[in-house]
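Trainee: Please take one part of this model and go through it closely. I would like to follow the sheet strand by strand, and then see what else the chain holds.

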Amino acid sequence: MENSRRKFIKQSAIFAAATYAGTMGMSAKSYGRIIGANDRVRVGVVGFSDRFKDTLLPCFLNNNKELNFDIVGLSDLWNYRRDLGVAHLNAKFGHEIKACRNNDELYAMKDLDAVIISTADFQHALHTIEAVKANCDAYVEKPFAETMDDAKAALKAVKATDRIVQIGSQRRSGENYANAAKYIQDGKFGPITAVDLVWNVNQPGRWRRPDLVAKLKAEDTDWKRFLLNRPSEAFDPRKYLEYRLFWPYSSGMPGQWMSHQIDTVHWFTNLKHPRSVVANGGIYTWKDGRRNWDAMVAVFDYGQPNSEDGFQVTFTSRMQNSVGDVGEVYYSNGGELNLMTNKVSPKGGLRQQEAAAMGMKANLLTEFDLSKTEIKAATGANMGGDGLTSGHMRNWMECVRSRKTPNAPVEAGYSHSIANIMTNAAVRTGAKSVFDEGRQEVIANGKVFKY
């Protein structure tokens with residue numbers, strides 16, 4: 001599992017590096033022609049999470065000196081992580097980082113330009129609203145929202161401003177994914193007939209933080225502020241730190257993993273959400289008090305509304321066996337587009353023998369390499385974190401300067417949130433979920449899905 005993951009990240013780094021050279025943004029030389037290009041962009045950190053420390057920060061450091069970005073403040077509700085984060089950033093940047101007990105203190109800082117948000121899943125949309133209302137650009141981790149109320153409010157808040165918001169769907173900054181999108185959108189693939197999305201691991205400790213849970217005391221954080229608009233319940237350090245296991249703080253597999261992969265479906269097809277979703281699964285192996293499933297299958301119907309044409313998408317995920325690993329495969333009548341091998345091939349396409357039996361002609365795609373590009377990869381990049389995320393972070397930083405639309409704008413986050421919430425509604429109710437366009441609500445069992 002880990003070897004294949006490392007291979008995927010290494011492979012993706014090659015494709016993402018090409019984006020540095022100019023396909024997804026501007027060259028470094030063009031910055032000087034933009035008003036304020038020489039001004040330092042002052043960035044605040046919302047949440048000193050593992051995701052920020054281990055991936056987002058290294059990716060930021062790959063690009064910040066060239067693009068003249070700096071981190072000046074950090075907000076975290078827990079004093080332990082706040083102190084840890086400030087010490088870590090002080091060492092990385094060589095200057096004092098302001099420690100903020102909450103986001104109010106962070107946004108009270110003078111001349112704060114942008115923030116990186118990597119908090120609990122259910123907080124992303126609400127923290128985005130805070131950011132844009134404070135006139136800050138934002139890089140926001142996915143899932144964008146776990147309820148439609150939050151998704152709608154955040155979309156409205158962002159669209160009411162001129163702020164640059166990049167959703168952390170880093171596949172949108174990968175050269176291989178961009179090539180796949182173009183190949184499909186140019187009509188070369190033919191109509192999509194099905195998509196298989198897979199995310200399998202064998203990790204009993206995935207999303208668990210027992211050592212940190214033992215450290216967290218109620219008096220050392222602000223539980224009420226942590227809950228935001230979620231229903232009030234007694235302080236629980238597991239829900240604070242292992243939130244991915246507990247609805248309504250996270251949907252688990254749909255929000256953490258599926259939101260990445262379903263976003264490519266929306267991107268490649270220009271469809272905004274599924275027509276319907278059904279799901280099945282359960283907590284079969286890791287019976288540790290979690291509320292979110294450890295294995296599931298979701299089936300999506302995609303296509304234009306009121307059309308008989310369309311295709312099926314399946315998302316399969318389990319946490320007890322890693323066979324199948326992580327992958328995305330698109331199918332047409334002529335073959336497959338595989339985003340693990342980055343090859344288009346005639347595999348599974350209509351052969352002459354079967355076609356002739358019905359008086360038809362064979363339909364077989366020509367081999368095509370999705371990793372090929374005429375853009376030369378950038379040299380000398382640190383590539384800390386991973387290549388896809390580093391390219392994605394750079395794209396956001398470039399767009400903060402240019403005021404161009406980033407690769408994963410707020411609309412992308414809104415769309416993957418609809419699919420995510422529809423899936424969670426099917427999981428929680430056992431019913432087929434649909435989306436009411438007029439009301440912008442997810443419906444299951446004839447009722448609006450909330451918690």
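Mentor: What follows starts with the sheet, then turns to the aromatic rings and the cavity. Keep in mind that the model is predicted. The chain has 15 helices and 17 strands, and 11 of the strands form an open sheet with mixed pairing. The order across this sheet is S14-S13-S12-S11-S7-S10-S9-S8-S15-S16-S17. Its edges are strand S14 (368-369) and strand S17 (447-448); each has a single partner strand, so one side of each is left without a neighbour in the sheet.

Now look inside the sheet, at the place where S11 is followed by S7 in that order. Strand S7 covers residues 192-200 and strand S11 covers residues 326-332. They pair in the antiparallel sense over 7 bridges. One residue pair to find on the screen is Ile192 with its bridge partner Ser332 in S11.

The order ends with S15, S16 and S17, and these strands can be read as two hairpins. Take S15 and S16 to begin with. Strand S15 (residues 433-436) runs antiparallel to S16 and is joined to it by 4 bridges. Asp436 has Glu441 of S16 as its bridge partner. Between the two strands of this hairpin lie 4 residues, and Gln440 in the turn has a positive phi of about 55°.

The next hairpin is made by S16 and S17, with 2 residues between them. In its turn, Asn445 has a positive phi of about 55°. The pairing of S16 with S17 is antiparallel and has 2 bridges. Here Ala444 has Lys447 in S17 as its bridge partner.

Strand S16 (residues 441-444) thus belongs to both hairpins. What about the faces of S16? Both are covered. On one side Glu441 and Ile443 are buried, and on the other side Val442 and Ala444 are buried. Two of these residues have already come up: Glu441 as the partner of Asp436, and Ala444 as the partner of Lys447. For the chain as a whole, 58% of the 451 residues count as buried.

Next, the aromatic rings. The structure holds 22 aromatic pairs. In one of them, Trp207 and Trp257 have ring centres 4.9 Å apart and planes at 45°, so the pair is tilted. This pair links distant parts of the chain, with the two positions 50 residues apart: Trp207 is in the loop between S7 and helix H9 (210-215), while Trp257 is in helix H12 (residues 253-269). Trp207 and Trp257 are both buried. Elsewhere, ring pairs link Phe122, Trp223, Phe226, Phe235, Tyr240 and Tyr249 into a cluster. Distant parts of the chain also meet on a wider count: 74% of the contacts with a separation of 6 or more are between residues 24 or more positions apart.

Helix H12 comes up again at the cavity. The count is 1 cavity of 30 Å³ or more, and the largest cavity has a volume of about 40 Å³. H12 and helix H15 (410-429) each supply at least two residues of its lining. The lining residues are Ser251, Gly252, Met253, Pro254, Asn292, Trp293, Met296, Val427 and Arg428. Sorted by class, they come to 5 nonpolar, 3 polar and 1 charged.

Methods:
Residues numbered from 1 in each chain as written. Predicted model: local features only at pLDDT ≥ 70, side-chain atom pairs only at ≥ 80, totals over all residues. Heavy atoms only, no water. Pairing = 2+ DSSP bridges. Phe/Tyr/Trp six-rings, centres within 6.5 Å; stacked < 30°, edge-to-face > 60°. Buried < 20%, exposed > 50% of the residue type's maximum accessible area, 1.4 Å probe, protein only. 1 Å grid on protein atoms, 1.4 Å probe; cavity = no way out; pocket = protein on both sides within 12 Å on 5 of 7 lines; lining within 4 Å. Points joined across faces, edges and corners; volume = space filled by probe spheres on them. Nonpolar A, V, L, I, M, F, W, Y, C, P; charged D, E, K, R; others polar. Contact = heavy atoms within 4.5 Å.
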